[in-house]
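The following exercises concern one protein chain. Please study the sequence and the structure first, then attempt each task before reading its solution.

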Amino acid sequence: MGSPVYFTLHIKGVPVADEDLVTHNLFEAGAGGVQENLTFTQQERNYLPKVIEAEIKNLIAYFEEPPSLKWLESFQVEYPHIQVQVEEHETVDWLQNWKDQWKPFELIKDVWIVPDWHKDSFHPEKGHRILIEPGMAFGTGTHATTQLAAQLINQIQNQVGVTSLVDVGTGSGILSLLAHHLDVEKIYAYDNDPESKRVFQENIEKNQATRAKWCEPWAQELKGQMDLTVANIIDGVLLNLKSEFQKVNSPYYIFTGILAERETAFLQEMTENWSLQILTRLEKDEWVGFLMKQDL
């Protein structure tokens, strides 16, 4: 018995006026889903892409069983200007493949990110484990910006010894968990994604990170009380939050999520009417991150 398969129907050259009817016909023929390959443009600094509307569409329909030859012939007669191609694919357990490839890794020296399915088998000889259930929506520690932020947190803790920090845009809470392992006494975190709070709290509990707590955005208790503000967010959003960062009024700030090609513009706007001094600049892949000190 062979491996299970599924089928895709590639439909090219669909006029926008026919898209809804063609999609309806595909579902009537048994399609489990229809995908449109969109093209985006991104002119805004805050990374809100806009769809480029096209007069001609290319669609992909997914079938558990191939559409009948009779249906294909009638479909082609009805839409002679549309190109149709059927392809067969072997079904793959993508989740298991992803898990098989997702191995524990060292975020900084002696601090390892360990997915839950390795928690019973992976114990570093020295150092700490950060246990997480990796989820694409909240971060796994593998992205360059997270690694830059982790290096900078470790640096300032070794050099200065911060006792409190706020983790803005915490996601899965990896940077807060790192701060806990680095013996930061008071750790506050928040994110505007409603699911982040649940994931953060689950990760805090499984790691017994009792000093890390969720707080409401820009809580009064943060202002003037945090040694360090950490924000691993895309550069346009960082700039939009500038006034809120200033209200927190930390001596030190870590900003990552800045594309190297936008570094100059970011620094110019972030430091305008705000006395920030760059202590450290790090770069990884196409991203840069900064440790900054505010002149108080």
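**Exercise 1. Determine whether Gln 147 is buried or exposed, and name its contacts.**

Solution. Gln 147 has a relative accessibility of 16% and therefore counts as buried. The cut-offs are as follows: buried means under 20% relative accessible area, exposed means over 50%, and partly exposed lies in between, with a 1.4 Å probe and protein chains only. The model examined here is predicted; local features need pLDDT of at least 70, side-chain atom pairs count only at pLDDT 80 or more, and totals for chains, interfaces and linings use all residues. Residues are numbered from 1 along each chain as its sequence is written, and side-chain values use heavy atoms, with hydrogens and water left out.

Next, locate the residue: Gln 147 belongs to helix 4 (residues 144-159). Helices (H or I, at least four residues) and strands (E, at least two) are DSSP runs, numbered from the N terminus. Finally, list the contacts, where contact means heavy atoms within 4.5 Å. When residues up to four places away in sequence are not counted, Gln 147 touches Phe 105, Leu 107, Gly 141, Thr 142 and Lys 284.

**Exercise 2. Describe the overall form of the chain, and explain why it is judged to be spread out or compact.**

Solution. Begin with the inventory: the chain contains 9 helices and 16 strands. Its radius of gyration is 25 Å, well over the 19 Å that the globule rule gives for 296 residues, so the chain is more spread out than a compact globule. Here the radius is taken over C-alpha atoms, and the rule is 2.2 Å times the number of residues to the power 0.38.

The C-alpha trace spans about 75 × 50 × 30 Å along its principal axes. As for burial, 46% of the 296 residues are buried. Of the contacts between residues at least 6 apart in sequence, 66% join residues at least 24 apart.

**Exercise 3. Analyse the hairpin of strand 7 and strand 8, and state which residue in it takes a positive phi.**

Solution. First, establish the pairing. Strand 7 (residues 105-108) and strand 8 (residues 111-115) are antiparallel, with 3 bridges; two strands pair if DSSP finds at least two bridges between them. One bridge partner is known by name: Phe 105 is matched with Ile 113 in strand 8.

Second, examine the turn. The hairpin has 2 residues between its strands, and Asp 110 takes the positive phi, near 70°. Asp 110 is not a glycine, and its relative accessible area of 22% makes it partly exposed.

Third, consider Val 111, which lies in strand 8. Val 111 is buried, at a relative accessible area of 3%. Leaving aside neighbours within four places in sequence, its contacts include Phe 105, His 128, Ile 130 and Leu 178.

**Exercise 4. Find which loop holds Asn 249, and describe its backbone and accessibility.**

Solution. Asn 249 is in the loop between helix 8 (242-248) and strand 14 (252-259). Its phi is positive, at about 60°, although Asn 249 is not a glycine. With 32% relative accessibility, Asn 249 counts as partly exposed.

**Exercise 5. Establish how strand 10 is covered and how it runs beside strand 11.**

Solution. Start with burial: 5 of the 5 residues of strand 10 (residues 164-168) are buried. Then separate the two faces. Ser 164, Val 166 and Val 168 point one way, while Leu 165 and Asp 167 point the other way. Strand 10 and strand 11 (residues 186-190) run parallel and are joined by 5 bridges. Within this pairing, Asp 167 stands opposite Ala 189.

**Exercise 6. Explain why helix 5 is described as enclosed, and identify what follows it.**

Solution. In helix 5 (residues 174-181), 8 of the 8 residues are buried, so the helix is largely enclosed by the rest of the structure. Among them are Ile 174, Leu 178 and His 181. Helix 5 is followed by Asp 183, which has a positive phi near 70°.

**Exercise 7. State where Ile 60 lies and how far its C-alpha atom is from that of Val 34.**

Solution. Ile 60 is part of strand 5 (residues 56-63) and is buried, with a relative accessible area of 12%. Although Ile 60 and Val 34 are 26 residues apart along the chain, their C-alpha atoms are separated by 5.6 Å. Beyond neighbours within four places in sequence, the contacts of Ile 60 include Thr 8, His 10, Val 34 and Asn 37.
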